[in-house]
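Grab a pencil and get ready to trace a fold. Try each exercise yourself before you read its solution.

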Amino acid sequence: MLWTFCRCCDKWQVDVGCGSGILAVASLLLGAKSAIGIDIDELAVKSSIENAERNGVSDRYTAIHGNLADEVTGTYDIITANIVADAIIMLSGDIEKHMHK
């Protein structure tokens, strides 16, 4: 599915609850222009930075320690979240505000 959305090079992505950064890194490797990974876990943020570096996409990746509502501004073409359903439901209002329409 990421392939469908990222193959055009002008896509901006944010990964909510980025963990290891796998979704953001994959998006960048598939052609996304830029990606932001955000997580409330400081160790996850550090891990995502390391994984972006290992995969040669760190120049287009920004990692943020914090939560979506407080730390991210702007709108994005692609928003991913590989987190538990309860968290997605809780964040759905904030996610909608950041969707590029």
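Here are three exercises on this predicted model, each with a worked solution.

**Exercise 1.** Work out which pattern the protein follows along the sequence.

*Solution.* Start by listing the pieces: the protein has five helices and four strands. Now read along the sequence, and you get α-β-α-β-α-β-α-β-α.

**Exercise 2.** Find the order of the strands in the open sheet, and say which strands stand at the edges.

*Solution.* Step one: look at the pairs. Strand S2 (residues 34-39) runs parallel to strand S3 (residues 61-65), and five bridges join them. One pair to spot there is Ile38, whose bridge partner in S3 is Ile64. Strand S1 (residues 12-16) pairs with S4 over three bridges, also in the parallel sense. Here Gln13 has Ile78 of S4 as its bridge partner.

Step two: put the four strands in a row, which gives S3-S2-S1-S4, with parallel pairing. S3 and strand S4 (78-80) each have a single partner strand, so they stand at the edges with one side lacking a neighbour in the sheet. On average, neighbouring strands are turned by 15 degrees against each other, direction ignored.

**Exercise 3.** Which strands do helices H2 and H3 touch as they pack on the sheet?

*Solution.* Take helix H2 (residues 22-29) to begin with: it touches S1, S2, S3 and S4, and its direction makes about 165 degrees with that of S1. Next, H3 touches S2 and S3, and its direction makes about 170 degrees with that of S3. Finally, follow the chain: S2, helix H3 (residues 42-54) and S3 make a right-handed β-α-β unit.

Technical notes. Residues are numbered from 1 along each chain as its sequence is written. This is a predicted model: local features need pLDDT of at least 70, side-chain atom pairs count only at pLDDT 80 or more; totals for chains, interfaces and linings use all residues. Side-chain values use heavy atoms; hydrogens and water are left out. Two strands pair if DSSP finds at least two bridges between them. Helices (H or I, at least four residues) and strands (E, at least two) are DSSP runs, numbered from the N terminus. A crossover is right-handed if, with the strands pointing away from the viewer, the path from the first strand over the helix to the second runs clockwise. Axes are lines fitted to C-alpha atoms, for helices over the stretch in contact, and angles run from 0 to 180 degrees between N-to-C directions. Contact means heavy atoms within 4.5 Å.
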